[in-house]
Amino acid sequence: MFKNSMAISPAPTSFAPLLFAGDWRLGLATAIELEFDGVEVSIRDPHDQMVKDLKAAIQTSDLVVSTVATGQSYYTDGLSPTSADPNIQAKLLDRMKAIIDFAALWKAPVIIGGVRGILEGDPIEQKAQASRVLESIRIYSEYAEASGVPLAIEPINRYETNFINTVSEALDLIGQIGSENLGVITDTFHMNIEEVSLTESLRMAGPWLKGVHLVDSNRKAAGQGHIDFHELATVLSEIGYQGFIIAEILPLPDSRTAAEQAIAFFRSL
Ligand code: LER
Ligand code: MN
């Protein structure tokens, strides 16, 4: 049995696979009622009062923070480490530091996923953007290391980004940066589109695996599509995975039902 978690967001968001987005009180109350072990918190601006209120509420509950997601800074505010604009880099660095501080209490992995953005322009420009992302991740990871927080690179499917679609590409990036606290978080929805074999990619991630978004092929709760999660669970056990399985799923047919479906399926693994 793996530790389980569901992904919520204090801020309303256009990023779709989150439960109770904009209503963290109901999200947290539901996670407690359904006896999840943790919540993944998707944070837009860590300086918002609601993020501080949410942190205080989690601390007084039995839940832990499994993981912290950062993509909203790009999706909502267009902040990405690809940028050549020092103001954007500084604003994002300030947010990333405060997000790492939020995660530090639980030593929860901070996800570098959607925030990477998209590489644009000709190959020379794209190369410069990719090096800026590498350099930024190096800076974030040095800051995170001081408080024992891991950073987890999330491969994302080609329809959302052209920069790191597979586990192998994430591991290559980690090798180039070389920080000890860097790892990978996989998302079975993206893996189902990009990987040759989900099981082999999980094995490849092996000791670098810091988290798993356990999502079905249609981005609904595990069990609502056609991914074989039982074989994935076997592999996770075989590689000695100790982290969380996380329901980062569409709120379909509604947040409550999706959360119930996810926890019931997680318990069947
Ligand atoms: C985030 O966890 C994710 O899965 C992406 O689709 C967007 O950041
Ligand atoms: Mn994900």
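In this predicted model, an oxygen atom of ligand 1 lies 2.7 Å from an N or O atom in the side chain of glutamate 154. Similar entries for two other residues, aspartate 187 and histidine 190, appear in the table beside glutamate 154.

| Side chain with the N or O atom | Distance to an oxygen atom of ligand 1 |
|---|---|
| Glutamate 154 | 2.7 Å |
| Aspartate 187 | 3.0 Å |
| Histidine 190 | 2.8 Å |

On its own, ligand 1 has 250 Å² of accessible area, and the protein covers 96% of that area. The space that ligand 1 takes is the largest cavity.

The surroundings of ligand 1 include Phe15, Tyr75, Gly114, Ile156, Glu160 and Arg219, and also Glu154, Asp187, His190, His213 and Glu248. Sorted by class, this shell consists of five charged, three polar and three nonpolar residues.

The second ligand is a manganese ion. Glu154 (OE), Asp187 (OD), His213 (ND1) and Glu248 (OE) coordinate the manganese ion (ligand 2) at 2.1 to 2.2 Å. These four residues are also among those surrounding ligand 1. The site of the manganese ion (ligand 2) is octahedral, with six donor atoms and angles of 70 to 176° among them. Along the chain, the donors of the manganese ion (ligand 2) are spaced as E-x32-D-x25-H-x34-E.

Glutamate 154 and aspartate 187 thus appear in both settings: each coordinates the manganese ion (ligand 2), and each has a side-chain N or O atom at the distance from an oxygen atom of ligand 1 given in the table.

Methods:
Residues numbered from 1 in each chain as written. Chains lettered and ligands numbered in written order. Predicted model: local features only at pLDDT ≥ 70, side-chain atom pairs only at ≥ 80, totals over all residues. Heavy atoms only, no water. Near = heavy atom within 4 Å. Polar contact = N/O pair within 3.5 Å; in protein donor to acceptor, adjacent residues only side chain to side chain. Areas by Shrake-Rupley, 256 points an atom, 1.4 Å probe, with all protein chains shown as cover. 1 Å grid on protein atoms, 1.4 Å probe; cavity = no way out; pocket = protein on both sides within 12 Å on 5 of 7 lines; lining within 4 Å. Sits in = over half its atoms within 2 Å of the grid points. Nonpolar A, V, L, I, M, F, W, Y, C, P; charged D, E, K, R; others polar. Donors = N, O, S within 2.8 Å, 3.2 Å for Na, K, Ca; no water. Tetrahedral: all angles 85-135°; square planar, octahedral: opposite > 155°, others 65-115°.
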